[in-house]
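Good morning, and thank you for joining this group meeting. I should like to present the salt bridges of the structure now being shown.

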Amino acid sequence: MNSWKVYCLDFIAEVRHFCKNARQIFYAAHIIQNVEYTPGTDVLSKFKCGEWLLFGAVWFACVLLVAIQWGVGEYRRLQDGFELAAHQAYAGVARRLDQNESVLSAIDALLLSRESFDAGAVGAFSREMLPRYQQLYAIQFLRNVTTENRSAFLAEMELRFGETFYIRDFDMAGKRSWQPAPARPQSLVVSMIEPDLPSSSPVYGYDMLGDGYFAPVLKRALASGQRVSSRPFELYDGGGRAYMLLQPLYRGVAGEVGRKRLSGMVALVVFCDRLLQLPADGGLSGSLDLALLSRDGEHELLYERVHRVGEHDWWPVVTRLEVRLPLNSEAQPFVLGVGQDIRISDLALFPLLLRELMLTLLLAAGGLIYSQRMALRRQRSLADEELFLQSERASVTLNAIHDGVVILRQDRCIEMANPMALSLVDMPAEEVLGQPCHEVFRLLGELASEFSEDPISECFRTGLPVELSERMQLTTARGKVHFVEGGVAPLLSRDGALIGVVCALRDMGPLRQRTAEALEASESRVKEHLEKLSHVARLHTMGEMASGIAHELNQPLTAISNYCQAAMQMLEGVDETPPQVHSALKLAVAQAGRAGEIIKRLRALVSKRAIETRLVDVNQVVGNCMFLAEYDLKERGIEVVQLLSGYSIPVMADSIQLEQVVLNLLSNAMDALKDEPPLKRHVIVHTRREGKKGILEVRDTGRGITPDLLEVLFHPFFSTKPHGMGLGLSICQTIVEQYGGLISAENIPASGACFRIELPLALQAERQLI
């Protein structure tokens with residue numbers, strides 16, 4: 001009851017201290033924020049978000065400092081308590097070590113008064129001492145067996161146990177199995193164990209001096225004649241870990257003064273766990289961890305007794321306290337290691353945290369109320385700002401668009417009109433706003449043959465959007481007429497009631513004018529393009545015809561010249577030949593040569609046509625040709641499939657000449673499909689890249705080309721058409737080859753003919769353009 005009173009008084013004092021500090025913090029925050037502070041005013045109403053953050057940071061720092069100070073004090077208290085407990089544990093362990101040596105000294109004194117080893121006296125003494133000292137597990141006697149007394153010892157033990165007795169090895173650090181021991185010059189054999197329990201009977205006859213685990217310490221005891229301790233080992237019966245405290249026993253030799261003989265060794269088996277067990281009534285903490293360490297430089301861990309897990313051990317560990325205290329026993333050279341985990345629960349921070357939590361909750365409640373007020377104020381400000389921005393955006397949008405927007409109230413008076421709407425009705429804003437819409441403009445259908453409802457009236461009546469019909473006329477109050485398009489949409493309130501309509505009107509007059517101009521310009525460009533294409537086609541046709549005619553005429557002219565020269569040679573031996581004949585033949589040869597020169601000049605003139613090359617995309621050339629041939633393809637019912645490359649195919653060529661080639665191939669494909677059923681009339685145009693070449697293929701689904709015609713297909717004046725001149729494919733070959741390309745034709749099984757054009761890619765020129 002008194003503790004609760006003390007706690008309440010502490011809490012009241014803490015609240016007073018908090019109130020005092022809170023006023024100082026408020027005042028400091030206002031000074032930092034340059035806010036005038038007047039005692040007695042409503043501080044919270046003037047407190048800003050930044051001030052709350054500053055106040056919270058200062059308050060958190062104060063709580064943190066108090067917690068740190070409290071934690072440091074608690075840590076020192078725990079450290080002092082740990083050191084006290086460690087020394088108490090040290091005193092208890094040291095006392096048990098002294099008890100071990102006292103028992104061993106008492107046994108030595110007991111046996112000094114007897115000429116030989118008295119097992120009965122040692123057993124009686126052991127039964128009296130073992131219950132007093134809990135750390136003692138057993139008392140053993142190791143008989144010194146040599147070659148001289150080995151037979152007498154075995155006979156004595158066989159008489160004692162009533163059966164054949166063997167000296168055995170155990171291999172403590174290895175297999176831990178009993179094996180008959182070989183005859184050794186000296187053995188230290190277990191001949192007495194107290195308490196003599198049935199579980200200990202296998203240990204009788206154990207030669208410890210022959211075990212490599214115990215041999216070093218036994219030899220050291222024999223050499224020094226002093227007490228020594230062995231390394232800890234696991235007990236034979238699995239009872240835990242223990243070590244032995246050994247004392248050599250010497251007896252005088254009869255008839256020889258000053259000479260002593262080794263009788264054996266007394267061994268105290270000390271239980272490690274009980275040696276380190278803390279007394280229950282000592283007031284020591286149960287969380288101490290005790291360990292036995294070797295006294296050498298490395299402090300090897302020999303045995304560790306860890307405290308049992310308690311209810312508070314689930315708390316996180318803050319730190320661990322450890323200390324190592326050397327024990328004073330020379331025979332038992334150990335170091336006592338004491339450790340303890342310090343957990344959060346050990347710092348006793350809960351009373352402090354409880355007080356600070358209650359104060360923080362009070363502060364948080366006030367801060368929450370204030371933050372709610374500030375949040376509502378900020379939300380209101382943000383809503384006003386958002387409303388203003390939306391209104392501003394709507395106003396800017398309406399002023400910037402090229403459509404006239406008019407908002408009508410429920411009484412059909414104009415509430416708002418943007419600048420484009422004012423331009424349509426040709427009236428200023430002060431004459432439009434607030435006026436009935438029918439006094440400012442009317443919407444009428446052009447050449448309406450029957451009565452139709454006004455779109456604005458229809459929207460007010462139905463409450464649904466109304467789209468203006470085609471060729472709708474807007475007639476202003478001043479008599480101007482505009483063709484408009486758009487619609488009328490209802491304006492609804494939050495509960496869905498109709499409160500007005502919005503008219504969106506677009507003047508179609510400028511658009512119609514721009515459309516007509518664009519159409520006229522497009523037709524002009526197409527016409528000019530076709531004229532260029534036709535001109536180039538005529539030039540190529542004329543060139544091919546001239547080249548062909550020159551080739552055909554050159555042979556007969558050469559033949560005429562040869563015949564005339566031959567006739568002249570034949571007439572040279574005839575005496576009566578008239579001179580006029582020689583003169584006529586010479587003139588004929590001269591005129592034939594002159595005609596040949598004229599033909600050569602004509603061929604040279606045709607072959608030296610100027611070529612204007614530029615960077616051209618084959619995909620664009622195909623697109624131009626598709627546009628030019630679209631009408632003929634649709635008229636003949638031919639479907640075109642364009643499989644164009646996703647990448648550009650740049651080549652150096654003249655676009656008009658390439659278009660002439662593609663159009664010629666399309667024309668041939670259309671002629672090849674004229675006798676095919678409508679569903680089988682297909683033309684496939686495929687472009688792609690293959691290495692450093694651009695490929696253009698034109699395929700049709702006709703009957704193909706016969707094998708005998710494939711060889712002469714590109715010869716001049718060869719044609720399969722009744723009225724064809726046979727120059728189309730020859731011209732295509734000439735154009736493609738002058739750009740370093742190749743054109744070929746082949747039949748595709750069950751598909752038709754395929755014409756392929758291969759042109760070198762102009763990749764370097766493409767990179768320069770990019």
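I begin with one pair: arginine 393 and glutamate 386, whose side chains form a salt bridge with an N to O distance of 3.4 Å. Please bear in mind that this is a predicted model. Arginine 393 has a relative accessible area of 46%, so it is classed as partly exposed. Glutamate 386 is likewise partly exposed, at 36% relative accessibility.

The second pair is glutamate 676 with arginine 703, again a salt bridge at 3.4 Å, N to O. These partners come from distant parts of the chain, 27 residues apart: glutamate 676 lies in the loop between α15 and β23, and arginine 703 in the loop between β24 and α16. Are the two partners buried or exposed? Glutamate 676 is buried, because its relative accessible area is 11%, under the 20% limit. Arginine 703, by contrast, is exposed, at 72%.

The third pair joins arginine 756 to glutamate 697, with 2.9 Å from N to O. Here the link runs between two strands, with arginine 756 in β26 and glutamate 697 in β24, 59 residues apart in the chain. Arginine 756 is partly exposed, with 25% relative accessibility, whereas glutamate 697 is buried, at 1%. This pair also belongs to a network: through shared partners, salt bridges connect Arg688, Glu690, Glu697, Arg699, Glu746 and Arg756.

How many salt bridges are there in total? The count comes to 26. As a general point, side chains of opposite charge can pair when their charged atoms come close.

Key
Residues numbered from 1 in each chain as written. Predicted model: local features only at pLDDT ≥ 70, side-chain atom pairs only at ≥ 80, totals over all residues. Heavy atoms only, no water. Salt bridge = Lys/Arg side-chain N within 4 Å of Asp/Glu carboxyl O. Buried < 20%, exposed > 50% of the residue type's maximum accessible area, 1.4 Å probe, protein only. Helix = DSSP H or I, 4+ residues; strand = E, 2+ residues; numbered from the N terminus.
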